[in-house]
Structures are given as C-alpha cells and as structure tokens.
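Welcome, and thanks for taking a look at this one. Below is a short tour in bullet points, grouped by topic, to read alongside the structure.

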Amino acid sequence: MGSDGVFVGQDLYSGSSFVYDPWVLYAQGVITAPNVVIAGIVGAGKSSLAKSLYSRSIPFGRRVYVPGDPKGEHTAVAEAVGGKAIALGHGMINRLNPLDAGHRPNGLDDAQWTAQVTARRRDLLGALAETVLDRRLTPLEHTAIDIALQDAVHSSDVPVLPMVVDRLLDPRDRDNRLAEDGRIAGHALRRLVAGDLAGMFDGTSTVRFDPTLPMVSLDLSRVTENATLISVLMTCASAWMESALLDPHGGQRWVVYDEAWRLMAHPALLRRMDAHWRLARHYGIANMLIFHKLSDLDNVGDHGSAMRALASSLLSNAETRITYRQESDQLGSTAAALGLTGTEQTLLPTLGTGQGLWRIKHRSFVVQHQLHPAELRLFETGDRARG
Ligand SMILES: Nc1ncnc2c1ncn2[C@@H]1O[C@H](COP(=O)(O)OP(=O)(O)OP(=O)(O)O)[C@@H](O)[C@H]1O
Ligand SMILES: [Mg+2]
C-alpha cells in the first residue's frame with residue numbers, strides 16, 4: 001500500500017513491511033473515507049493494533065480521542081504520549097457540565113459561535129433526556145426543553161443542568177400547557193441532578209476536554225455496570241468532543257471506539273457516531289470502530305429498524321476493514337459482509353495473535369502486527385497488567 005504511513009508490521013504474503021495511513025490513502029484517492037473497522041475474537045490483538053496505529057501516528061502531528069474507554073486500557077497510553085485520561089464515575093471527584101460551551105474554533109464570529117453553542121446544548125439535552133427515557137422526544141417536549149434552556153442561559157453566564165430542570169418542572173410566567181409538555185422530560189433530566197445519577201452532571205465542570213493535547217481519553221472503567229450512566233457519560237463526552245472535532249483547522253484526528261458493541265447499544269450514541277462518520281472526510285477525522293464479530297452489527301436494534309440501518313451504514317462507510325481471528329460459526333457471515341474469497345474465509349480461523357486480514361477497498365493483505373517491547377508493556381491488558 002505504498003510507503004507513506006506508520007509502520008504496522010509484516011505483510012505475510014510478500015514478506016515486506018506493511019505501512020498504513022488512512023489520510024495518505026485518502027489523499028491519494030485510494031479510499032474515499034478514512035474510517036476503519038476492526039473485528040476479531042477476544043484477545044486477538046485488536047486493541048493493541050489500535051494503540052499502535054494511533055500512538056505511532058502522534059509523532060506525525062495526529063491527535064487521538066477515545067470518547068469512551070470501558071476497560072480504562074487506553075489511560076496508560078494517553079499518559080505516556082503526553083495526553084490526558086479523564087476518569088468519570090460514581091464516587092469520583094470529576095464532574096462535567098453538559099451545558100459547557102466547549103472549544104471555540106478559530107474563524108467563527110460571535111453570532112456563529114452563539115448559534116453553535118445553542119444548537120449543541122439543545123441537542124445534548126435532548127439526547128440526554130432521550131437516553132434516560134429510552135425513547136424519542138415529542139416535538140412538544142423539545143420545545144419545552146428549548147424554552148427552559150433559553151431561560152437558564154439568560155439567567156446565568158455558566159448555566160448548569162439543575163437550572164434547566166427547575167425551569168422545566170416549574171416554568172414561571174409561562175402558561176400551564178408548557179409545564180405539562182415538559183413534565184416528563186423534566187423528571188428524566190432530574191435523575192441526573194437529584195436521582196441515582198446525581199453528582200456527576202449537576203455543577204460546573206471540574207475537568208476540561210483540551211483538544212490541543214496529543215490524546216484525550218474518557219476512562220469509564222470506574223463506572224459501575226449501569227447502562228444508562230455509561231450512555232449519558234458518553235453522550236456528554238461526544239458532545240464535548242464534537243466541539244473540538246468540528247473545528248476544520250483541528251488537524252487530523254483519530255476517534256477510537258473500542259468495545260464498540262457496548263456503545264452501539266445506545267441509540268442516541270449510535271446516531272452521534274453515525275454523524276461523526278459522515279463528517280469524517282470534511283474534518284480530517286478517521287474513526288476507528290472495534291468489535292468482536294461483524295454480526296455484532298446485526299444485534300443492534302430490531303430487525304429492519306433505523307438503528308440496524310445506521311449500524312450497517314457504519315460498516316459500509318469504512319473502506320478499511322481489518323478482520324482478526326473469527327469463530328468458525330462467524331465465517332460465512334463475515335465473508336458475506338466483507339465480500340471475501342473462499343481462501344480468505346478459510347484463513348480467518350487460522351490467524352494468530354496480532355495477525356489480521358486487511359481489506360482496503362478491494363485489495364487484501366495478511367499482516368502480522370509487530371509490537372515493540374516497550375509497546376507490549378504499555379499496552380498490556382487483562383489480568384497480567386493488573387497484577
Ligand atoms: N501483535 C502482537 N504481538 C504480540 N502480542 C500481541 C500482539 N497483539 C496483542 N498481543 C498480546 O495479546 C494480548 C491481548 O491483546 P488485545 O488486548 O489487544 O486483544 P483484544 O483483541 O483487544 O481483546 P479484547 O477482545 O479482550 O478486547 C495483549 O495483552 C498482548 O500481550
Ligand atoms: Mg480490546
């Protein structure tokens with residue numbers, strides 16, 4: 001695949017070095033979108049490959065965002081490259097304010113910036129309410145949230161979620177129908193302020209997402225198994241990140257979704273991922289989506305649902321598909337999804353750790369990812385790493 005890019009390892013067919021860089025291939029017109037999908041069984045070496053791909057690209061000026069790291073395994077890498085990992089969860093001191101204005105890109109005038117912040121806050125509050133309610137909001141509920149948000153923004157320079165909840169549940173000087181329309185959304189958001197999710201989203205932020213760092217990751221390993229909480233945290237984080245991502249001068253950035261099958265179960269998150277996927281080209285973003293088997297995508301939402309369609313569009317918009325070892329019952333569906341030849345299909349169950357079948361557009365490579373001993377120590381996951 002040419003000689004420009006980061007070193008990945010050895011091409012097992014030709015014996016030569018294999019290098020890869022989605023931005024280079026995009027610039028050369030080899031691929032039309034820089035997104036990458038990696039699938040393989042537990043322990044096949046997917047996360048290690050991801051860590052090498054992104055950390056080896058940092059010296060070339062690329063930045064890395066991990067908007068949700070359920071195992072906390074990217075934290076050590078973030079720190080080693082001079083970035084930062086933000087750990088969130090119950091009992092942690094860190095708090096984030098979903099209404100933060102976020103990163104202001106250069107080149108926006110005040111009116112454009114205000115419009116952008118307003119739109120982001122509105123979207124985020126809507127997404128948070130939908131996540132807690134586990135359904136889409138009605139137009140009336142959107143309006144009620146909008147008005148409560150406007151009131152909160154007018155009354156404070158640093159609006160926080162409790163202000164919005166107060167106004168939703170008690171819209172002074174407004175007519176009663178508004179209170180009725182916003183009541184359920186108000187109670188949903190109240191859960192983040194006074195309910196079981198209190199303490200993380202109800203004040204000013206104690207941590208900042210600094211998009212100028214080489215790497216930022218959101219460590220969710222301390223979040224107890226609470227699907228709503230993970231979803232709410234990731235939704236906030238991706239909104240933060242969006243403000244940085246949507247800076248056309250932000251440079252080339254990896255956005256890594258490790259353990260993506262967990263994240264894709266949340267509809268509001270999946271819609272955001274899909275939006276980022278579509279924006280990738282324009283903003284210099286390369287998304288990386290990691291899961292176990294391609295049929296994970298078939299388990300998203302109900303058959304024929306919008307969620308399922310979104311999940312499969314993620315796959316079809318990734319022209320780099322890296323398949324690590326697959327269980328034998330997955331071979332047929334994997335081969336069908338990726339358009340593999342019979343030989344490639346029979347190869348999949350024989351792949352060893354760190355070996356993958358790379359499909360870049362219509363070309364195939366079998367690559368042994370080579371880890372430097374220092375990387376091996378830094379990337380070490382599982383029981384051995386925890387001691
Ligand atoms: N290219 C490689 N060369 C040598 N060892 C490797 C390589 N890739 C991974 N390993 C070893 O395999 C272990 C598991 O790798 P990794 O955590 O990347 O797997 P994974 O596919 O992400 O697993 P999971 O599905 O559990 O997340 C690592 O701790 C590392 O020791
Ligand atoms: Mg992994």
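A residue counts as buried when its relative accessible area is under 20%, and as exposed when that area is over 50%. By that cut-off Leu178, with a relative accessible area of 13%, is buried. Please keep in mind that this is a predicted model. The tour starts at the ligand, moves on to two helices, and ends with some single residues.

**Around ligand 1**

- The shell around ligand 1 has 20 residues, and those that come nearest are Lys46, Ser47, Ser48, His369 and Glu380.
- Sorted by class, this shell holds 10 polar, 5 charged and 5 nonpolar residues.
- Helix H2 (46-55) and strand S11 (363-369) each contribute at least two residues to the shell, and H2 gives the most, with 3 residues.
- Which side chains place a polar atom 2.8 Å from an oxygen atom of ligand 1? Ser47 does so, and Lys71 does so as well.
- His292 also takes part: an N or O atom of its side chain is 3.1 Å from an oxygen atom of ligand 1.
- On its own, ligand 1 has 630 Å² of accessible area, and the protein covers 83% of it.

**Helix H2**

- How many of the 10 residues of H2 are buried? The count is 10 of 10, so by the cut-off of under 20% relative accessible area the helix is mostly covered.
- The buried residues of H2 include Lys46, Ser47 and Ser48, which are also among the residues that come nearest to ligand 1.
- Further along, Leu49, Ala50, Lys51, Leu53, Tyr54 and Ser55 are also among the buried residues of H2.
- Ser52 lies in H2 too, and its relative accessibility of 2% means that it counts as buried.
- Beyond its neighbours within four places in sequence, Ser52 is in contact with His369, Leu371, Glu375 and Phe379. Of these partners, His369 is also one of the residues nearest to ligand 1.

**Helix H12**

- Helix H12 spans residues 331-338, and its buried residues are Leu331, Thr334, Ala335 and Leu338.
- Why do these residues line one face of H12? Seen down the helix axis, they fall within an arc of 95 degrees, so they share one face.
- The general rule behind such a pattern is that an α-helix has 3.6 residues a turn, so residues three or four places apart point the same way.
- The cover over the buried residues of H12 includes strand S9 (320-323), helix H13 (342-347) and strand S10 (355-360).
- Just after H12 comes Gly339, with a positive phi of about 65 degrees.

**Positive phi outside glycine**

- Most residues other than glycine have a negative phi.
- Asp134 has a positive phi, near 60 degrees, and is not a glycine. Asp134 sits in the loop between helix H4 (110-133) and helix H5 (139-155).
- Glu259 is not a glycine either, and its phi is positive, at about 55 degrees. Glu259 belongs to the loop between strand S7 (253-257) and helix H9 (260-263).
- Are these two residues buried or exposed? Asp134 counts as exposed at 63% relative accessibility, whereas Glu259 counts as buried at 8%.

**Other residues to look up**

- Leu178 is part of helix H7 (residues 176-190). Apart from residues up to four places away in sequence, Leu178 touches Ala144, Ile147 and Pro171.
- The C-alpha atoms of Leu178 and Ile147 are 9.0 Å apart, with their positions 31 residues apart in sequence.
- Thr353 has its place in the loop between H13 and S10, where its relative accessible area of 60% makes it exposed.
- Even so, Thr353 is in contact with Gly43, Ala44 and Gln368, leaving aside neighbours within four places in sequence. Its C-alpha atom is separated by 8.0 Å from that of Arg325, 28 residues apart along the chain.
- Pro105 is found in the loop between strand S5 (84-87) and H4, and at 5% relative accessibility it counts as buried.
- Not counting residues up to four places away in sequence, Pro105 touches Trp113, Gln116, Ser243, Leu246 and Asp247.
- From Pro105 to Arg271, 166 residues apart in sequence, the C-alpha distance is 23 Å.

Conventions:
Residues are numbered from 1 along each chain as its sequence is written. Chains are lettered from A and ligands numbered from 1 in the order in which they are written. This is a predicted model: local features need pLDDT of at least 70, side-chain atom pairs count only at pLDDT 80 or more; totals for chains, interfaces and linings use all residues. Side-chain values use heavy atoms; hydrogens and water are left out. A residue is near a molecule or strand if one of its heavy atoms lies within 4 Å of it. A polar contact is a pair of N or O atoms within 3.5 Å; within protein, one must be able to donate a hydrogen and the other to accept it, and residues adjacent in sequence count only if both atoms are side-chain atoms. Accessible areas come from the Shrake-Rupley method with a 1.4 Å probe; for residues, only the protein chains shown count as cover. Helices (H or I, at least four residues) and strands (E, at least two) are DSSP runs, numbered from the N terminus. Ala, Val, Leu, Ile, Met, Phe, Trp, Tyr, Cys and Pro count as nonpolar, Asp, Glu, Lys and Arg as charged, and the others, Gly among them, as polar. Buried means under 20% relative accessible area, exposed over 50%, partly exposed in between (1.4 Å probe, protein chains only). The arc is that of the directions from the helix axis to the C-beta atoms. Contact means heavy atoms within 4.5 Å.
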